Amino acid sequence: MSNLYGGFGTGGPGAVRGGPQGQGDIHETVGAYALGILDDAEATAFEAHLATCDWCAQQLDDLAGMEPMLAALADMPGSQGTPAIGESLSAKPSPRLVERLVDEVSERRAQKRRRSFYLVAAAAALIIGGPVAVMAVNGGDDTDTGHTVAAVSPAKAAFQSMTDKVSATDPTTGVSATIAMQAKDWGTSGAIEVKGVKGPLKCSWVAVGKNGERETLASWSVPKWGYGIPDGKTEESKNPLYVSGAAAFTPNQIDHFELMTFDGKKLVEVKA
Ligand SMILES: [Zn+2]
């Protein structure tokens with residue numbers, strides 16, 4: 001315990017907050033960066049660091065998609081004082097990092113207590129019981145509650161809970177994407193549903209601003225059997241993929257989204 005939570009000098013739960021970074025703990029900023037809650041100067045400083053730091057790049061990878069869950073966690077009553085949350089997340093990036101993130105998010109959102117029950121329940125179920133337990137939170141809205149024990153990922157739950165959606169299909173690649181967005185104090189929380197994509201490939205979900213800037217919301221791999229393939233041989237292959245992400249852009253600063261392969265091919269473009 002003590003070696004996990006102590007011993008890193010200035011890295012207490014206050015280190016990321018507000019003011020200028022100490023030199024020693026810029027690695028700690030990765031969580032706040034992933035959540036898009038840094039101010040411009042902080043984000044720029046961190047990006048400069050990120051370019052040279054494999055550890056932070058790895059953390060950022062691991063954190064991709066956790067934003068809605070962390071946000072929900074931070075709003076759970078009593079989350080601050082519940083050691084079980086930090087412990088049960090230990091398989092994720094690192095208990096210490098997650099604890100700090102939860103603190104960070106709950107502080108930044110202390111005034112906003114109306115998080116949907118849906119997300120909170122999905123997050124709690126993910127942490128406590130893994131995907132299978134999540135079934136219970138899906139109030140029978142649009143998921144068939146038949147014999148299949150359908151795992152509802154946090155990304156899918158986030159996607160379903162957001163009402164602002166845009167979508168497009170690329171006639172050449174056959175890839176289609178629907179993107180759900182929600183404005184946040186810190187930017188945009190989003191989730192993407194991808195269909196008709198076969199791998200193996202790696203791709204990134206990028207928001208392109210009206211100012212031309214590009215922000216990656218998430219990256220992932222597509223296995224050879226793909227996602228959202230109507231005549232797929234397995235359920236995995238038939239089901240769409242859901243991934244959540246976050247951007248510092250506000251929704252109205254985004255011109256469009258691109259789904260790009262790592263080697264630069266555009267799979268689909270979606271007007272925001
Ligand atoms: Zn670093």
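**Exercise 1. The zinc site**

Task: Work out which geometry the site of the zinc ion has in this predicted model, and which residues supply its donor atoms.

Solution:
- Step 1. Start with the donors: H27 binds through ND1, H49 through NE2, and C53 and C56 each through SG. These atoms lie 2.0 to 2.3 Å from the zinc ion.
- Step 2. Turn to the angles, which run from 105 to 114° among the four donor atoms. Four donors count as tetrahedral if all angles lie between 85 and 135 degrees, so the site of the zinc ion is tetrahedral.
- Step 3. Now read the donors along the chain, where their spacing is H-x21-H-x3-C-x2-C.
- Step 4. Place two of them: H27 sits in the loop between helix 1 (2-5) and helix 2 (30-34), while C53 sits in the loop between helix 3 (40-50) and helix 4 (54-63). The two are 26 residues apart, and the pair links distant parts of the chain.

**Exercise 2. Two donors and their surroundings**

Task: Decide for H27 and C53 whether each is buried, partly exposed or exposed.

Solution:
- Step 1. The relative accessible area of H27 is 34%. Buried means under 20% and exposed means over 50%, so H27 is partly exposed.
- Step 2. C53 has a relative accessibility of 9%. That value falls under the 20% limit, so C53 counts as buried.

**Exercise 3. A first open sheet**

Task: Describe the sheet that contains strand 1, and find which strands stand at its edges.

Solution:
- Step 1. The sheet is open, has four strands in the order 1-2-3-6, and pairs them antiparallel.
- Step 2. Strand 1 (164-169) and strand 6 (241-247) each pair on one side only, and these are the edge strands.
- Step 3. Neighbouring strands here are turned by 20° against each other on average, with direction ignored.
- Step 4. For a detailed look, take strand 1 and strand 2 (residues 176-184), which pair in the antiparallel sense over six bridges. In this pairing, S167 faces T178 of strand 2.

**Exercise 4. A second open sheet**

Task: Follow strand 4 through its sheet, naming its partner strands and how many bridges join it to each.

Solution:
- Step 1. Lay out the order first: four strands form an open sheet as 5-4-7-8, with antiparallel pairing.
- Step 2. Strand 5 and strand 8 (266-271) each have a single partner strand, so one side of each is left without a neighbour in the sheet. On average, neighbouring strands of this sheet are turned by 15° against each other, direction ignored.
- Step 3. Strand 4 is joined to strand 5 (residues 214-222) by eight bridges, with V206 and T216 as bridge partners. The hairpin of these strands has four residues between them, and there G212 takes a positive phi near 90°.
- Step 4. Towards strand 7, the antiparallel pairing of strand 4 runs over seven bridges, and V208 stands opposite H256.
- Step 5. Finally, check burial: eight of the nine residues of strand 4 are buried, so the strand is largely enclosed by the rest of the structure.

**Exercise 5. An aromatic pair**

Task: Classify the pair of W205 and F257, and say which parts of the chain the pair ties together.

Solution:
- Step 1. The ring centres of W205 and F257 are 6.1 Å apart, and the planes make an angle of 45°.
- Step 2. Planes under 30 degrees apart count as stacked and over 60 as edge-to-face, so this pair is tilted.
- Step 3. W205 belongs to strand 4 (residues 201-209) and F257 to strand 7, so the pair ties together parts 52 residues apart in sequence. Both residues are buried.

**Exercise 6. A buried loop residue**

Task: Locate F249, then list what F249 touches beyond its sequence neighbours.

Solution:
- Step 1. F249 lies in the loop between strand 6 and strand 7 (254-261), and F249 counts as buried at 3% relative accessibility.
- Step 2. Leaving aside neighbours within four places in sequence, the contacts of F249 are G187, T188, A207, V208, G209, N211, E213, E215 and I254.
- Step 3. Pick out G187: 62 residues separate F249 and G187 in sequence, yet their C-alpha atoms are 5.0 Å apart.

Conventions: Residues are numbered from 1 along each chain as its sequence is written. This is a predicted model: local features need pLDDT of at least 70, side-chain atom pairs count only at pLDDT 80 or more; totals for chains, interfaces and linings use all residues. Side-chain values use heavy atoms; hydrogens and water are left out. Donors are N, O and S atoms within 2.8 Å of the metal (3.2 Å for Na, K and Ca); water is not among the atoms, so sites may look incomplete. Four donors count as tetrahedral if all angles lie between 85 and 135 degrees; four count as square planar and six as octahedral if opposite donors are over 155 degrees apart and all others between 65 and 115; anything else is irregular. Buried means under 20% relative accessible area, exposed over 50%, partly exposed in between (1.4 Å probe, protein chains only). Two strands pair if DSSP finds at least two bridges between them. Axes are lines fitted to C-alpha atoms, for helices over the stretch in contact, and angles run from 0 to 180 degrees between N-to-C directions. Contact means heavy atoms within 4.5 Å. Rings of Phe, Tyr and Trp (its six-membered ring) pair if their centres lie within 6.5 Å; planes under 30 degrees apart count as stacked, over 60 as edge-to-face and the rest as tilted.
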